[in-house]
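Q: Could you take me on a close look at one part of this model, the open sheet and the helix that packs on it? I would also like to hear about the salt bridges.

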Amino acid sequence: MQCFKNARRKIFNATTLKTEIPHDATRKSVNDIQTVIIGAGLAGLSAANHLIKNGFKRTIVLEATDRYGGRINSQHFGDAFCELGAKWITIDASHNSVYELLQQRSGLTKKIQQKEETLYINTKGNKINRHLPEMVDIFFKKLCAGVELKNRYAKGNLHELDNVYSYFQAESTKLINSMFKEKERHLVADIFNALMKDFGGKLGCNLEYLNIEQLIKFKNQFAYPIYIPTGMNSILEDVIVDIDSENLLIGRPVGEIKWLSGPMDRGEAKKAVNCLDGSAINADHIICTVPLGVLKTFAGVMFKPPLPAEKLNAIKNLGFGSPVKIYFEYKNPLPSWFVANLRPLWSSEEHLQDRHWTKQVVEIAKAPSSNHVLEIAIGGAYYDEIEKLPDTEVIDEITKLLRLCLKNPKIPYPEEVLRSNWSSSACYLGGRPYFSTNSSAQDIQTLSQPLGMTAPSLLFAGDATILNGFGTVDGARMSGIREAQRIIDYYKK
């Protein structure tokens, strides 16, 4: 994905990639068509792969960072591959293009994440009888599936619900009062709140900003998770196999996108992507796959001519969260003091007394297939602030929390820490799109529409541009293929 800087720069044509575009671009052969794709995440790489396989050999991918993969970022850490970005491939009854990639890769190990024992422990170190959390979890998953919500939506009875948080709170209160004994209700409410924070943590947003239609219009994004022990990066190998090194330019941040060639869009002026190193790459078509967070910050200045108002409004309306990933590596194996995944349980009174960031820790779990690495899940709020904390504070405070909950003052400090930094990276400015209270399904459709008067000059792909698969790796891949096919179909006509 790309990062951008406000800088005055001299623009010149890159001689090795310079393309002369005749006035009637439709007369060009497939071999002469040059497409520039901005961003080498899964959407951009999938678009390039699809174009090249269909004969569009002059396809250039520009990537601002020093690696390809975008928000798929697996790091070998300790005895595990840890995912700083996308972690799961979710499988349901519908078509899933990323799962197809897994099936095509012979010898690539893939596993369904097994449900492991999870201990709910309050801040006094007392374990909660697992009967209650298991029962609450069943009720909460039904709320997430939005079954009852869909009936109300069909009848037009959602006006009183502003966001997912208000819906969860209203429905959980009904369940607590009708299904649980009075002496259990405070504890059950605390468990519900912990699960709500966990749900928000997966999207990296406060549930008060999340549109309830996220539960209705989008498929369950957390069901049947499959993980790859050797890292999610492994799925990229089949995508880049047809993309030669001269077609994938790493370390090439983009500063300006000139997407409209003239009044009739027939080549009176060159369409080009201008890079911050001073080079300019001419194009017949440009596919923009930059993250929504970057578009939110730079869309008003990076496109020449400016994007239409409806496109800018769609970018503004959609949400872009910042999930936080933290991993600790320990010198000695974990089982001696860490026997099960841990969920710290905070009471509502404790939240009111002190809003310290450690109260956003929703789970501390052993990384899959690891004996030395713990993964700390963050939910609820303060994502940007937590990401910016120094490593020393994160290590000290989480170790203090572990010692408190497990009643063990000898729990060691980790040897190393690995953390994500999506919101503070200028090339991403966040980690995952979500359906905000200001947005509608029309915003996703508007963002996905190509621009150009007689030809698709500027096209948009990425996990924020697709309704079926919104915010998922499958959605990112399908959106890239969709835009590549749009170009292919244009020349087939």
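A: Happy to; the sheet comes first, then its helix, then the charged pairs.

This is a predicted model, so to speak of local features a pLDDT of at least 70 is needed, side-chain atom pairs count only at pLDDT 80 or more, and totals for chains, interfaces and linings use all residues. Residues are numbered from 1 along each chain as its sequence is written, and side-chain values use heavy atoms, with hydrogens and water left out.

The chain holds 15 helices and 23 strands; these are DSSP runs numbered from the N terminus, helices being H or I with at least four residues and strands E with at least two. Five of the strands build an open sheet in the order β10-β3-β2-β14-β23, with parallel pairing. At the edges lie β10 (248–250) and β23 (458–460), each pairing on one side only. On average, neighbouring strands here are turned by 20 degrees against each other, direction ignored. Strands count as paired if DSSP finds at least two bridges between them; β3 (residues 59–63) and β10 share 3 bridges in the parallel sense. In this pair, Val-61 stands opposite Leu-248 of β10.

Helix α15 (residues 473–492) packs on the sheet and touches β2 (35–38), β14 (285–288) and β23. Its direction makes about 165 degrees with that of β14. Contact means heavy atoms within 4.5 Å, while axes are lines fitted to C-alpha atoms, for helices over the stretch in contact, with angles from 0 to 180 degrees between N-to-C directions.

Helix α15 also carries a salt bridge, Glu-483 to Arg-486 (2.9 Å, N to O). The term requires a side-chain nitrogen of Lys or Arg within 4 Å of a carboxyl oxygen of Asp or Glu. Because Glu-483 and Arg-486 are 3 residues apart in helix α15, about one helical turn separates them. Glu-483 counts as buried at 0% relative accessibility, whereas Arg-486 is partly exposed at 27%. Buried means under 20% relative accessible area, exposed over 50%, and partly exposed in between (1.4 Å probe, protein chains only).

Across the whole structure there are 12 salt bridges. One of them joins Lys-87 and Glu-375 at 2.7 Å, N to O. That pair links distant parts of the chain, 288 residues apart: Lys-87 sits in the loop between β5 (80–83) and β6 (89–90), and Glu-375 in strand β20 (residues 373–378). Glu-375 is buried, at 11% relative accessibility.
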